[in-house]
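Let's take a walk through a protein model together. Keep the picture open and turn it as you read.

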Amino acid sequence: MRAAIYARVGNPDQVAVRHQAEVLTGQIRGMWGERTEIDIYADNGISGLRTDRPGLHF
């Protein structure tokens, strides 16, 4: 199984990208097993209103 995570934080008051990825990785592994390959795409500090976010285009 293969999964992808897209994490984004638009401002410092939100949960850190690293924390989001850790939580989601745990949920994915719990659902589909430890051998699931997970790709993580992230944008830290970039507004969700912008569609030119680097992590969004993979």
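Which residues make a nonpolar surface patch of about 390 Å²? The patch is built from Met1, Met31 and Trp32. Before you go hunting for them, keep in mind that you're looking at a predicted model.

Let's start with Trp32. You'll find tryptophan 32 in helix 1, which covers residues 17-32. With a relative accessible area of 43%, tryptophan 32 counts as partly exposed.

Now jump to the other end of the patch's numbering. Methionine 1 sits in the segment before strand 1. Its relative accessibility is 62%, so methionine 1 counts as exposed. Leaving out residues up to four places away in sequence, methionine 1 touches Trp32, Arg35, Thr36 and Glu37. So one of the contacts of methionine 1 is a fellow member of the patch, Trp32. For a sense of scale, look at isoleucine 40 too: it is 39 residues along the chain from methionine 1, and the C-alpha atoms of the two are separated by 15 Å.

One of those contacts, Thr36, deserves a stop of its own. Is threonine 36 buried or exposed? Threonine 36 is buried, because its relative accessible area is just 4% and the cut-off for buried is under 20%. Threonine 36 belongs to the loop between helix 1 and strand 2. And what does threonine 36 touch, if we skip residues up to four places away in sequence? The list is Met1, Arg2, Ala3, Ile28 and Arg29.

Next, let's look at the charged side chains. How many salt bridges does a search of the whole structure find? There are three. In one of them, the side chain of arginine 2 meets that of glutamate 37, with 3.3 Å from N to O. Arginine 2 lies in strand 1 (residues 2-9) and glutamate 37 in strand 2 (residues 37-44), so this pair ties together parts that are 35 residues apart in sequence. Arginine 2 is exposed, at 54% relative accessible area, while glutamate 37 is partly exposed, at 47%.

Arginine 2 has another partner as well. Its side chain also meets aspartate 39 in a salt bridge, this time at 2.8 Å from N to O. Again, distant parts of the chain are linked: aspartate 39 is in strand 2, arginine 2 is in strand 1, and their positions lie 37 residues apart in the numbering. Aspartate 39 is partly exposed, with a relative accessible area of 25%.

The remaining bridge takes us back to the helix. Here the side chains of glutamate 22 and arginine 18 meet, at 3.5 Å from N to O. Both residues lie in helix 1, four residues apart, which is about one turn of the helix. Glutamate 22 counts as partly exposed at 48% relative accessibility, and arginine 18 counts as exposed at 65%. Back at the strands, salt bridges that share partners join Arg2, Glu37 and Asp39 into one network.

Methods: Residues are numbered from 1 along each chain as its sequence is written. This is a predicted model: local features need pLDDT of at least 70, side-chain atom pairs count only at pLDDT 80 or more; totals for chains, interfaces and linings use all residues. Side-chain values use heavy atoms; hydrogens and water are left out. Patches are made of residues with over 30% relative accessible area and no salt bridge: like charges are joined within 9 Å, nonpolar side chains (Val, Leu, Ile, Met, Phe, Trp, Tyr) within 5 Å. Accessible areas come from the Shrake-Rupley method with a 1.4 Å probe; for residues, only the protein chains shown count as cover. A salt bridge is a side-chain nitrogen of Lys or Arg within 4 Å of a carboxyl oxygen of Asp or Glu. Helices (H or I, at least four residues) and strands (E, at least two) are DSSP runs, numbered from the N terminus. Buried means under 20% relative accessible area, exposed over 50%, partly exposed in between (1.4 Å probe, protein chains only). Contact means heavy atoms within 4.5 Å.
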